[in-house]
Amino acid sequence: MLIRDETLDDIDAIHDLTSTAFKPMPYSNGTEAEIVRRLRAAGDLTISLVAEQDGEILGHIAFSPVTIDGAHAGWFGLGPISVKPERQRQGIGKALIVRGAELLKDMGASGCALIGNPHIYGRVGFSSDGQLKYLDLDTRLVQRIVFRGSPPSGTLQFAPAFES
Ligand SMILES: CC(C)(COP(=O)(O)OP(=O)(O)OC[C@H]1O[C@@H](n2cnc3c(N)ncnc32)[C@H](O)[C@@H]1OP(=O)(O)O)[C@@H](O)C(=O)NCCC(=O)NCCS
């Protein structure tokens with residue numbers, strides 16, 4: 001399996017994959033594929049990686065700038081992330097997250113934050129100390145990985161593409 005940057009030819013496959021992967025999820029509001037398009041259009045798709053095997057896109061991950069208490073300070077958000085339903089739980093998501101985190105670190109990023117299942121993201125180094133907040137969500141779902149500096153505290157805000 002190859003993890004690589006998206007190309008123009010991948011855009012429709014990424015859209016379909018994102019729609020299909022999120023469709024059965026109870027927390028999905030059906031906008032995730034559109035969020036990826038909006039991030040790209042706004043120039044906020046800092047990193048967009050695909051997992052490809054035999055010419056098929058099996059997974060995708062997006063990273064975009066975030067702010068914490070209104071300041072960017074080198075922080076990025078992970079998501080949306082999608083793996084083809086038949087190929088989930090086989091390490092593809094993890095491979096995308098690990099590669100994305102390496103690229104962010106190489107760029108000099110301070111860290112990466114996300115909203116998600118701690119059972120998944122805790123396996124790849126994300127954690128919560130309750131200091132990073134998002135709306136009124138349980139802070140255990142608001143996780144981050146720190147590359148440089150101190151762990152952040154404050155209110156996380158994603159790029160405008162996430163506002164539906
Ligand atoms: C979330 C998602 C991207 C994970 O990708 P994946 O390829 O299935 O995940 P991986 O196989 O790489 O698993 C990564 C780790 O998380 C754990 N994990 C994965 N799915 C899990 C689940 N549903 N519940 C608990 N743990 C889970 C795995 O055990 C693994 O840990 P390990 O390597 O220590 O065993 C994929 O399930 C998906 O596309 N879901 C639908 C879209 C979605 O919900 N996106 C995320 C929104 S926050």
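**Figure 1. Backbone contact between the ligand and Gly-93.** In this predicted model, a polar backbone atom of Gly-93 lies 2.7 Å from an oxygen atom of the ligand. Gly-93 is also listed among the closest residues around the ligand, together with Tyr-27, Val-83, Lys-94 and Arg-123.

**Figure 2. Contacts of the ligand with Arg-123 and Ile-81.** The side chain of Arg-123 places an N or O atom 2.6 Å from an oxygen atom of the ligand. At Ile-81 the partner is a polar backbone atom, and a nitrogen atom of the ligand is 2.9 Å from it. On its own the ligand has 910 Å² of accessible area, and the protein covers 78% of this.

**Figure 3. The shell around the ligand.** The ligand is surrounded by 20 residues. Of the residues in this shell, 10 are nonpolar, 7 are polar and 3 are charged. Four elements each contribute at least two shell residues: helix 1 (11–22), strand 5 (75–83), helix 3 (92–106) and helix 4 (118–121). The site occupied by the ligand is the largest pocket.

**Figure 4. The cis peptide bond at Pro-80.** Gly-79 and Pro-80 are joined by a cis peptide bond, with omega at about -5°. Pro-80 belongs to strand 5, an element that supplies at least two residues of the shell around the ligand.

**Figure 5. Backbone geometry at Arg-89.** Arg-89 is not a glycine, yet its phi is positive, at about 65°. This residue is part of the loop that runs between strand 5 and helix 3. Both of the elements joined by this loop contribute at least two residues each to the shell around the ligand.

**Figure 6. The chain that holds these sites.** The chain contains 4 helices and 9 strands. Along the sequence their order is β-α-α-β-β-β-β-α-β-α-β-β-β. The C-alpha trace spans about 40 × 35 × 30 Å along its principal axes. A compact globule of 164 residues would have a radius of gyration near 15 Å, and the chain has 15 Å, so the value agrees with that expectation.

Key:
Residues are numbered from 1 along each chain as its sequence is written. This is a predicted model: local features need pLDDT of at least 70, side-chain atom pairs count only at pLDDT 80 or more; totals for chains, interfaces and linings use all residues. Side-chain values use heavy atoms; hydrogens and water are left out. A residue is near a molecule or strand if one of its heavy atoms lies within 4 Å of it. A polar contact is a pair of N or O atoms within 3.5 Å; within protein, one must be able to donate a hydrogen and the other to accept it, and residues adjacent in sequence count only if both atoms are side-chain atoms. Accessible areas come from the Shrake-Rupley method with a 1.4 Å probe; for residues, only the protein chains shown count as cover. On a 1 Å grid over the protein atoms alone, a cavity is a set of points where a 1.4 Å probe fits but cannot get out, and a pocket is an open set with protein on both sides within 12 Å along at least five of seven lines; lining residues have an atom within 4 Å of a point. A molecule sits in a cavity or pocket if more than half of its atoms lie within 2 Å of its grid points. Ala, Val, Leu, Ile, Met, Phe, Trp, Tyr, Cys and Pro count as nonpolar, Asp, Glu, Lys and Arg as charged, and the others, Gly among them, as polar. The radius of gyration is taken over C-alpha atoms; the globule rule is 2.2 Å times the number of residues to the power 0.38.
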